[in-house]
Amino acid sequence: IPLKSDDAIRSAVKSLVEEVHVIDVHTHLFPPNHGKLMLWGIDELLTYHYLVAEYFITAPATITPEKFFALEKQAQADLVWDSLFIQRSPISEACRGVVTTLSELGLGELVERRDLNEVRKWFAKQTPEGYVDKVFELAKIKYVLTTNIPFEKKETVHWYPKAKEFDTNRFHTGLRVDQLLTGNWESIKEALDEMAIEHTIEGVKQLLEKWITIMKPKYFMTAVPPTLEFPSDEEMSTYAPSTINSATLLRRVLLPLAEQHHLPIAFKFDSVRPINPALREGGDGVVTTKVSTLQKLCLNYPKVKFLATFLARVNQHELCVLANKFGNLHIYGCWWYCNNPSIVEEITRIRVELLGTAFTSQHSDARVLDQLIYKWKHSKAVIGGVLQDMYVKLFHAGWSLTREEIQRDVERLFGGAYEEFMQK
Ligand code: RAT
Ligand code: ZN
């Protein structure tokens with residue numbers, strides 16, 4: 001039955017978006033059996049690097065980053081709580097996220113009393129396994145993609161020589177290979193030595209093939225350093241094995257492997273790391289890079305599928321135009337400094353206007369399990385609002401709409417379009 005009025009359409013879109021179970025195409029989460037790598041709970045929430053960076057804008061000069069990071073996690077969390085939640089109102093997106101998360105967990109009364117210690121006591125009663133169930137249910141998650149780095153010893157011990165069971169229903173792996181594009185030859189060498197593989201381009205390929213077999217990733221993922229230039233054929237023909245650099249690792253290792261193993265490459269453009277190293281994970285910045293790097297890749301590698309997200313606001317329009325031209329390109333999410341309501345709204349509008357439903361509207365980038373709750377709640381509120389406007393306009397243009405048709409589209413935008421792209 002077609003929906004008969006603006007109000008009926010708005011309320012259908014609102015509830016369908018709220019209820020949809022999402023595929024979260026990029027997170028930094030780990031399942032419980034990966035031990036300390038699984039981050040969850042109030043102290044991890046409060047020491048999220050977005051909040052730590054915000055804390056340092058307000059911190060007294062006596063608390064340097066060195067001093068801060070030398071403290072126990074709980075003491076770090078106390079400082080952030082006091083500065084950003086007690087001495088001022090937590091109105092930034094990252095702060096409000098903590099509030100939303102606690103409220104959704106049913107801890108509103110403790111938040112009302114600003115009782116951090118009671119909040120801690122509540123978390124102390126949870127188990128990692130039970131808490132994963134709870135969060136996935138509350139946040140309405142089908143499954144998440146994880147970030148798995150074959151060059152990080154603290155991660156690889158869970159996979160090699162003996163792999164732990166991975167909860168593949170809820171956690172899908174992504175092989176993260178930034179070290180190739182940053183030309184971090186030191187850590188590549190260590191990983192090669194660990195598996196007794198020779199230090200050559202062929203060796204790096206072999207190494208990654210081993211990790212593909214071990215981790216069974218759904219895609220490769222890497223941030224693209226702003227300095228990376230797409231190498232010309234001429235540069236490639238004069239390449240000498242003694243000068244292994246990021247451009248050759250891209251052309252000789254990553255792109256061929258992606259094609260051979262039918263693994264898409266998920267790129268992240270426009271981050272610059274770090275602009276303030278003392279802040280550690282929170283020290284990276286944003287820079288505007290050339291969208292044409294991605295255009296050249298899409299054009300020259302038609303058999304490779306690319307997922308892409310850009311950090312610079314000004315690149316979003318050009319990216320949409322690109323995605324409108326290449327079937328081997330799929331846009332995902334509003335990344336990091338773009339994951340703020342004002343920018344999510346603007347980006348989503350332009351994406352729908354240019355691409356319809358052929359993109360993935362959001363990913364959480366959660367590092368702490370609990371963040372799935374607020375990141376999805378906040379994003380859904382904004383994206384849902386944009387979609388309401390779009391459907392009402394379509395209705396006014398003379399198109400009748402049923403709830404089922406809208407549901408089909410909403411499912412695409414929150415994971416279905418990603419799966420369709422992956423199956424292409
Ligand atoms: O948003 C973040 O947490 C960043 O620190 C980055 O991890 C970014 O998302 C990335 O995956 O490179
Ligand atoms: Zn990330």
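A disulfide is counted here where two cysteine sulfur atoms lie within 2.5 Å of each other. By this criterion, the predicted model contains 0 disulfides. Cys298 takes part in none, as the nearest cysteine sulfur, belonging to Cys320, is 13 Å away. For Cys320, the closest cysteine sulfur is that of Cys334, at 9.9 Å, and this is too far for a bond. Both residues are nonetheless tucked away from solvent: Cys298 is buried, with a relative accessibility of 2%, and Cys320 is likewise buried, at 1%.

It helps to know how far the prediction can be trusted along the chain. The mean pLDDT is 96, and 97% of the residues reach 70 or more. Confidence peaks in strand S1 (residues 22–24), at 99, and is lowest in helix H14 (residues 233–237), where the mean is 68.

We turn next to the ligand site. Ligand 1 is surrounded by His26, His28, His49, Tyr50, Arg176, Lys268, Arg273, Trp335, Trp336, Asp365 and Arg367. Several of these side chains place an N or O atom at polar-contact distance from a ligand oxygen, among them His26, at 3.1 Å, and His49, at 2.8 Å. Arg176 is a further example, with an N or O atom of its side chain 2.7 Å from an oxygen atom of ligand 1. Taken alone, ligand 1 exposes 300 Å², and the protein buries 96% of that area.

Terms used:
Residues numbered from 1 in each chain as written. Chains lettered and ligands numbered in written order. Predicted model: local features only at pLDDT ≥ 70, side-chain atom pairs only at ≥ 80, totals over all residues. Heavy atoms only, no water. pLDDT = per-residue confidence, 0-100. Helix = DSSP H or I, 4+ residues; strand = E, 2+ residues; numbered from the N terminus. Buried < 20%, exposed > 50% of the residue type's maximum accessible area, 1.4 Å probe, protein only. Near = heavy atom within 4 Å. Polar contact = N/O pair within 3.5 Å; in protein donor to acceptor, adjacent residues only side chain to side chain. Areas by Shrake-Rupley, 256 points an atom, 1.4 Å probe, with all protein chains shown as cover.
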